[in-house]
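Trainee: I have a structure open and want to learn how to read it. Can we go through some features one by one?

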Amino acid sequence: MTSPQIRHRVDPRAERAARTILTGQRPRLLRQPVATATVNERRRDPRAIRDAALVQRQPRPRYDWARDAASAGTTAAVGVAVANAPVIPLQVIAEPAYLVLAMLDRPGGEVSEHDRQVIAAARLLADAGGGAVVTVATGSGEALAEAGSDRHVALPDGWADDYVPERRAAAAAALMASLSPRHILFPDSPDGGDLARRVAAAAGERLFAGVQSLGPDRATRQSAGGSLETGHRPTRLMTVAADAFAPLDGVRHEARPLDLATPVVAGEEVLPRLGCARRLAVDPDALSLSETDFILSAGNGVTDWQSFAELGEALGATRAGSRVVCDAGHLPRERQVGASGTVVSARCYLAFGIAGAPQHLQGITGVKHVIAINTDLHAEMIKRADLSIVADAQEIMPALIRLIRERRHD
Amino acid sequence: MTDAAMGNVAVLLSIGRHPVSGRSRRAATDAQALEMALALRPRRLTAIHAGPAADAEALRAYLGMGLERLTLLVLPEGADPVEALITHLRHLAPSLVLTGRQAEDGESSGMLPYLIARGLDAAIVPDVVRIGPADTPDATYGKADLVQALPRGQRRALTVTGRLIATVHPSAPPARASAFGPARRGVIEPVAAQAAADLFLSDCEHRPWRPKPKLMRVKRGGSALDRLKAATESKSGKGQLLINPTAEAGALAIYDNLVEQGILP
Amino acid sequence: MIATALTTVVLAVLAIGAALAAWQSRRWLAGRPATVGVVTGLRALPGRYLVDVHHVVGRTPFNARFHALVAGGFLAALVLLVAMGVAIGGSRILWLLLALVLAIMLAGALMVRHRRRVLRPRELSQGRFARLPLSLLGFSGCLLLVALDQSLGGVMPEALALVLIAVAGAAMADLVWGVWKGPLKHAVHGALHLAFHPRPARFHDGKGRDTGLKPLTFAPAEDARTAEPGSLGVERPVDFAWNRLLGFDACVQCGRCETACPAYAAGLPLNPKKLVQDLVAAMDSQASDAAYAGNPHPGRGVGKAHGGAALPLIGHDAMIHPDTLWSCTTCRACVQECPMMIEHVDAVVDLRRFQTLELGAIPGKAAVMLEELRATDNPGGRALARRWDWAADLSLPRLPAGGSCDTLLWVGDGAFDLRVQRSLRALVLLLRRAGMDFAVLGEEELDCGDVARRLGDEATFQSLATRNIATLNARRFTRIVTADPHALHTLRNEYPAFGGSWTVVHHTALLLELITTGALTVTKPVGRSVTFHDPCYLGRYNGEIEAPRALLDAIGVERREMLRSGLRSSCCGGGGGAPLTDVSGERRIPDVRMEHVRETGAAMVAVACPNCALMLEGVVGPRPEVAEIAELVLAATETAR
């Protein structure tokens with residue numbers, strides 16, 4: 001028996017693929033059906049799809065079913081192209097049961113990773129009982145929608161670059177009074193932590209600082225110099241430790257500007273005791289090795305000290321050296337990296353001509369990224385490095401200086 | 001700030017705790033605060049600790065830095081020291097109060113300096129690395145120039161008016177060594193103080209801290225293979241290796257790598 | 001007439017000399033009191049002089065000879081001259097005898113002149129010392145003429161004889177009044193110093209060796225508040241015990257310490273001779289080092305230092321610069337070489353004690369290290385359990401309180417270092433291979449306190465020592481074995497003062513014993529050329545120089561000796577906290593020592609101390625291999641499986 005209706009072919013795989021959100025820690029399926037492309041245009045060619053998805057043949061085949069047509073290099077596979085732009089449904093909390101404030105740092109106008117983590121923590125508290133997350137920061141809330149912000153309070157743009165913590169604290173206190181949020185979360189960063197403590201002191205409330213784990217009934221933090229875990233039910237004021245919560249992914253919230261009865265600039269009336277704040281130019285070579293982020297280090301293989309100094313300047317890196325270099329007086333003793341010098345934990349360590357004595361490697365165990373230039377392929381430093389270049393430091397250094405200067409002029 | 005204004009300095013000292021051995025010691029940033037205070041050569045320098053009398057011996061490490069005496073506000077175990085400190089400081093009326101940024105033992109919430117600033121109606125500046133009288137030409141009475149440490153070695157200069165509470169950053173000048181002789185001779189003056197028990201802290205439950213697995217930064221986007229690689233590849237010894245490239249190629253590889261790491265713009 | 005004139009002149013000069021010496025004595029008598037066996041000391045004096053002093057002086061035979069000739073001749077001449085004065089009018093035989101001893105003295109004086117004018121060793125001081133040959137020659141030559149003339153019956157015109165006597169008298173005055181500040185001071189003060197020496201046990205009439213530092217007694221805490229500052233260690237010259245000040249005053253500026261000092265050789269600002277002379281000069285009230293005429297502390301001139309008996313010794317403008325004080329590696333090479341038996345290292349540690357305990361003025365990373373040491377009982381601030389990370393797979397037996405074993409292995413702080421762990425592993429494997437019954441303390445083992453003590457932190461040392469002793473006394477074992485000579489010295493020689501006495505052996509001695517008893521068999525003789533670098537704390541501090549060499553011979557190495565080896569070995573630069581205080585010089589001490597190694601042409605240098613291993617391995621560039629002796633023994637006793 002035939003039906004007069006045109007019967008669409010159902011491609012369960014394509015439908016499923018369209019509903020799959022692949023970003024985030026693990027694939028998630030959207031619950032509501034997604035408008036899939038008409039799938040009946042062409043017949044599937046399983047072999048072609050398979051070929052297009054193949055990204056690696058050896059040692060065993062690996063397939064990437066999420067690849068788009070462009071990167072696949074071959075004809076677009078039906079159903080796969082659609083999955084690449086999953087539409088994340090907007091989550092609207094129209095009538096929040098309560099508010100959770102997230103006071104963000106937003107240093108230099110950018111939403112920092114720590115800010116996202118604070119919003120994620122705030123979501124944990126808000127989602128537990130139908131609450132809404134209100135972000136408070138300079139700038140508009142658009143960028144915060146995908147981080148999980150329901151409402152946004154924009155602080156005056158002029159506040160972004162100023163350091164007037166008293167004004168911010170007054171604004172936070174004003175918001176606390178007008179919105180009566182259930183919780184206020186701050187990043188436990190230098191500025192955010194400072195603000196939180198000012199607000200807590202002014203409000204006479206207990207601050208639960210540096211939250212490490214959070215649930216609707218219990219928050220924990222480190223105390224006694226990191227040796228104890230202290231638990232309590234979530235207090236009103238909390239700061240969120242860095243890297244304790246994963247920022248949200250694959251969500252979209254409104255980040256709707258919040259209508260306020262009173263403008264937050266009420267804080268402008270506070271007469272600040274702190275003034276004339278200005279950034280100081282920092283000479284990277286004046287920084288202590290334990291504080292700096294980027295170290296340019298020289299070992300016995302460096303003979304061209306002129307280039308080394310120029311390179312340090314061009315890179316804006318703090319110069320350091322191995323024991324031998326400091327012994328020889330090319331660098332002062334406090335610039336020595338290693339077990340007998342300073343144990344460093346910079347983000348990047350660029351090592352020229354360092355063989356990698358055990359004592360030196362002990363000194364850089366905390367470094368995240370190591371780049372090594374050495375003439376000896378079998379040097380320990382080459383094994384330790386994330387990028388190793390077997391070459392003479394005296395040739396690479398001038399080339400790198402030239403390259404940096406060229407790029408800077410572009 | 002004129003000499004007269006800088007002449008009365010108080011330092012709040014807590015008992016530290018070595019992160020590995022857990023043994024009592026001088027707290028690192030408190031010792032740096034005392035160092036900063038000693039370097040200012042104030043006319044009057046008062047060092048204060050509030051806590052149980054039983055812990056007093058650990059305070060001798062501060063005396064060994066060259067203090068002759070140290071005031072101990074004797075509190076019962078588990079009491080909140082803030083009120084006692086505020087009462088005592090009101091009486092002393094210092095123009096500058098220095099202390100470490102966070103205690104190494106106890107709640108270590110970093111709130112104490114803020115509560116004291118509130119109690120004394122003083123300005124508070126955290127993470128100070130340098131402090132001195134304002135050198136601006138219009139320097140008036142009661143102004144101080146400070147330098148504050150920011151992340152990644154950045155520095156910010158500030159001018160503060162009026163009474164000031166400053167917490168000291170680990171990048172401040174290192175504390176001088178504590179010497180045995182002065183530590184033994186120094187005098188700890190116990191002063192009885194009133195304090196209420198800290199109810200919040202007794203309401204909390206405590207247990208030993210166990211390190212948590214570090215939060216992985218999941219790289220978003222990219223192909224499945226990239227994500228698989230990012231999640232499974234171990235970092236050490238799996239670096240990229242260039243053997244005898246030309247100087248230009250080597251430099252370019254370093255440059256690109258630095259850009260990728262976000263070190264260079 | 002001639003005889004009377006002669007004796008009168010001699011007696012007058014001697015009397016004035018004695019008065020001067022007595023007047024000088026008030027300088028060193030101003031020091032702190034010390035308990036000294038006066039009678040026993042004076043009785044032991046000739047023996048100490050003839051045995052111990054001559055043992056040192058005899059290392060350079062030429063010097064020993066001219067000393068014997070000059071001093072013997074001079075003393076005999078004085079005796080004869082005084083005798084002539086008593087037996088008024090000399091007989092011819094007396095004159096002939098006098099001529100004979102003066103001829104002997106003249107020969108010695110000519111040797112002195114040859115040394116000072118022709119050989120001119122660079123370590124000798126000039127100044128007042130430059131006149132010494134002239135005075136000796138003047139005295140002996142002039143009187144020889146007079147004595148010969150008198151023995152022949154007096155043919156010389158009387159006026160000429162009197163002129164000769166006057167010249168000789170002037171020369172003798174220069175010699176004898178040298179007890180004031182000149183060369184002959186060492187004769188008087190040296191003799192007194194030998195009698196009242198602060199370490200009588202170091203002489204042959206004692207134990208023959210006394211190297212452990214003397215404990216500082218701390219007053220109980222109640223008294224600490226009333227005690228005067230300055231009671232801990234030495235701040236001013238008068239804070240030294242009087243017999244130590246006397247010891248410094250005995251210095252003859254021969255410069256043997258200077259040639260032996262590893263810091264001086266590397267151009268660090270320390271010259272032990274100048275250090276002692278600084279202390280000598282500082283005993284005066286308005287002191288300056290301007291009169292010093294020897295080599296200065298390298299890199300620092302002479303004439304800028306000022307001080308006084310009651311003024312601080314250490315300071316940037318004081319008599320001794322802090323860098324000089326902290327350059328010392330406490331290797332005792334200077335003490336070993338000093339013919340006047342001066343204890344330089346004791347002085348350095350006493351001065352450091354004040355700097356550390358009273359002022360907290362500790363340079364470089366030493367202050368950080370001491371703070372970590374106080375808080376964690378190990379210099380790196382690590383958890384004590386991590387000392388055993390390297391032995392995780394060896395399942396070392398732990399000795400609990402109340403337990404017993406034959407041999408207790410003390411691993412020391414080297415166990416935290418990756419390099420030293422390799423040699424400790426070798427040692428453990430050897431003990432296993434030999435079937436030894438041994439155990440370790442585990443987390444109960446604390447730092448032995450060696451470095452803290454050399455850095456002057458006696459308080460931390462005593463705290464560590466008393467706790468370690470309590471730990472060790474709660475266990476039963478026949479002996480302690482350690483691969484660290486610093487721990488060996490501290491446990492063996494310095495813990496007894498705090499109530500801990502055990503048999504402590506170095507691993508080289510134990511391994512030699514295991515090979516001689518057959519517990520270990522040499523299967524693969526090393527066969528390479530190896531030179532042995534003596535650790536200061538094993539050799540000079542404990543006199544153990546034979547066992548490591550016998551051990552090396554037993555494993556079949558071709559042993560070569562450095563020019564400076566055994567008790568006269570040169571330091572690697574790793575002792576006394578020197579790597580922590582990190583005073584910079586022209587070169588590094590280990591580089592200098594590696595030069596000595598290279599001179600032998602040996603392919604390998606064997607070390608027997610974790611510090612030496614680290615310091616010598618830190619020498620960069622092509623160099624002989626550095627191997628810990630246990631590693632060599634392990635390779636040589638490998639058994640086929």
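Trainee: Let's start with a helix. What do the buried residues of α2(C) pack against?

Mentor: This is a predicted model. In it, the buried residues of α2(C) pack against α8 of chain C. Those buried residues are C:Ala44, C:Arg48, C:Asp52 and C:Val53.

Trainee: Where is the kink in helix α2 of chain C centred?

Mentor: On C:Arg48. The helix covers residues 38-57, and the kink is about 50°. Note that C:Arg48 is also listed among the buried residues of α2(C).

Trainee: Now a second helix. How many residues of α10 of chain C are buried?

Mentor: Count the neighbours around each residue. A residue is buried if 20 or more other C-beta atoms lie within 10 Å of its own. Helix α10 of chain C spans residues 242-249, and 8 of its 8 residues are buried. Among them are C:Trp242, C:Leu245, C:Leu246 and C:Phe248. C:Arg244 and C:Asp249 are on the list as well.

Trainee: What covers the buried residues of α10(C)?

Mentor: The cover includes four helices of chain C: α1 (2-29), α8 (185-195), α13 (272-281) and α16 (344-359). You met α8 of chain C before, packed against by the buried residues of α2(C).

Trainee: On to sheets. What holds strands together in a sheet?

Mentor: Strands of a sheet pair through backbone hydrogen bonds, either parallel or antiparallel. Now take a case. In chain C, 4 strands form an open sheet in the order β4-β3-β5-β6, with parallel pairing.

Trainee: Which are the edge strands?

Mentor: β4 (438-440) and β6 (504-506) of chain C, since each pairs on one side only. The twist from one strand to the next averages 35°.

Trainee: How many bridges join β3 to β5 of chain C?

Mentor: There are 6 bridges, between β3 (residues 404-410) and β5 (residues 476-482). The two strands of chain C run parallel. Use one pair as a marker: C:Leu408 stands opposite C:Ile480 in β5(C).

Trainee: Which strands does helix α21 of chain C lie across?

Mentor: β3, β5 and β6 of chain C. The helix takes in residues 485-494 and runs at about 160° to β6(C).

Trainee: I also see the strands β8-β7-β9-β10 of chain C. How many strands make this open sheet?

Mentor: It has 4 strands in that order, and the pairing is parallel. β8 (558-560) and β10 (625-628) of chain C stand at the edges with a single partner strand each, so one side of each has no neighbour in the sheet. Ignoring direction, neighbouring strands here are turned by 35° against each other on average.

Trainee: Over how many bridges do β9 and β10(C) pair?

Mentor: Over 4 bridges, in the parallel sense, with β9 of chain C at residues 604-607. C:Met604 stands opposite C:Glu625 in β10(C). Helix α27 (residues 629-636) of chain C lies across β9 and β10, running at about 80° to β10(C).

Trainee: Next, domains. Which domains does the assignment give for chain C?

Mentor: Domain 1 is 2-43 + 59-183, domain 2 is 230-359, domain 3 is 383-505 and domain 4 is 516-636. To relate two domains, check the spacing and then the contacts. The C-alpha centres of domain 2 and domain 3 of chain C lie 34 Å apart. In chain C, 8 residues of domain 2 are in contact with 6 residues of domain 3. The domain 2 side divides into 2 nonpolar, 4 polar and 2 charged residues.

Trainee: And between chains? How many residues of chain A are in contact with chain B?

Mentor: 70 residues of chain A touch 71 residues of chain B. Helix α7 (residues 190-203) of chain A gives the most to the chain A side, with 8 residues. By class, that side has 33 nonpolar, 18 polar and 19 charged residues.

Trainee: Which strand of chain B do bridges join to β19 of chain A?

Mentor: β13 (residues 240-243) of chain B. It is joined by 4 bridges to β19 (residues 387-390) of chain A, and the two run parallel. A:Leu387 stands opposite B:Gln240 in β13(B).

Trainee: How many residues does the contact take from chain C and from chain A?

Mentor: 7 from chain C and 7 from chain A. The chain C side has 3 nonpolar, 1 polar and 3 charged residues.

Technical notes:
Residues numbered from 1 in each chain as written. Chains lettered and ligands numbered in written order. Predicted model: local features only at pLDDT ≥ 70, side-chain atom pairs only at ≥ 80, totals over all residues. Domains from an automatic or database assignment. Nonpolar A, V, L, I, M, F, W, Y, C, P; charged D, E, K, R; others polar. Pairing = 2+ DSSP bridges. Axes fitted to C-alpha atoms, helices over the stretch in contact; angles between N-to-C directions. Buried ≥ 20, exposed ≤ 12 C-beta atoms within 10 Å, placed from the backbone. Bend = angle between axes of the 7 residues up to and from the residue.
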